[in-house]
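Student: I have a structure here that I have not seen before. Can we go through its pockets?

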Amino acid sequence: ESALEEIGPPLRPYFQEVAGRIRLGDDPRTAVSDLQLHIPLETFRLFATSLAIHWEVGGSLATTLSTVGQTVRDRIELSRRVRAQGVESHASVAVVLAIAYVLAFLMWRTNPDRLEAFVRTGVGTTIVAGVIALQAIGLIWMSRLTRSAF
């Protein structure tokens with residue numbers, strides 16, 4: 001009931017349904033666990049499980065909810081850190097890829113005849129194609145390594 005006073009619109013109808021079911025005599029654990037089906041979030045599952053355990057065991061609800069809240073905040077902070085490190089890794093990959101093209105551009109600006117002669121040979125063309133292929137493989141590999149499922 002007190003949660004209904006504080007909560008706003010996307011979750012309010014779900015909590016109203018749970019409160020109504022509890023008022024009509026449904027088991028609170030069942031009502032809250034059914035709510036988990038409507039809100040498929042890991043943090044909400046943690047909240048619902050802690051409420052179900054509290055109804056069964058008893059004790060101080062405030063400390064239980066405080067602990068759950070702290071856990072949720074820690075998970076959010078951790079996911080932000082993981083995302084930030086993912087962005088850092090993507091930026092470093094982009095810089096490493098750009099270095100090869102910047103060096104090629106600088107070589108072309110300082111001595112274009114030499115670079116063009118290198119690229120026109122069979123060995124030069126093979127090396128340039130190999131470098132581009134290895135960069136593509138490295139880019140795909142790094143994107144898979146830095147993908148986060150958290």
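Student: What volume does the second largest pocket have?

Tutor: The second largest pocket has about 330 Å³. A pocket here is an open set of points on a 1 Å grid over the protein atoms alone, where a 1.4 Å probe fits, with protein on both sides within 12 Å along at least five of seven lines. The volume is the space filled by probe spheres set on the points, joined across faces, edges and corners.

Student: Which residues are closest to its centre?

Tutor: Ala100, Ala104, Leu115, Phe118 and Val128, out of 13 lining residues; lining means having an atom within 4 Å of a point.

Student: Is this a predicted model, and how is it numbered?

Tutor: The model is predicted, local features need pLDDT of at least 70, side-chain atom pairs count only at pLDDT 80 or more, and totals for linings use all residues. Residues are numbered from 1 along each chain, and side-chain values use heavy atoms, without hydrogens and water.

Student: Which element gives the largest share of that second lining?

Tutor: H5, with 5 residues. Helices are DSSP runs (H or I, at least four residues), numbered from the N terminus.

Student: And how does that lining divide by class?

Tutor: The second largest pocket is lined by 12 nonpolar residues, no polar ones and 1 charged. Ala, Val, Leu, Ile, Met, Phe, Trp, Tyr, Cys and Pro count as nonpolar, Asp, Glu, Lys and Arg as charged, and the others as polar.

Student: Now the largest pocket: how much space lies in it?

Tutor: About 430 Å³. Its lining has 18 residues, and Glu1, Ala3, Phe15, Leu51 and Trp55 are the closest to the centre.

Student: Which helix gives the most there?

Tutor: H2, with 5 residues.

How values were computed:
Helices (H or I, at least four residues) and strands (E, at least two) are DSSP runs, numbered from the N terminus.
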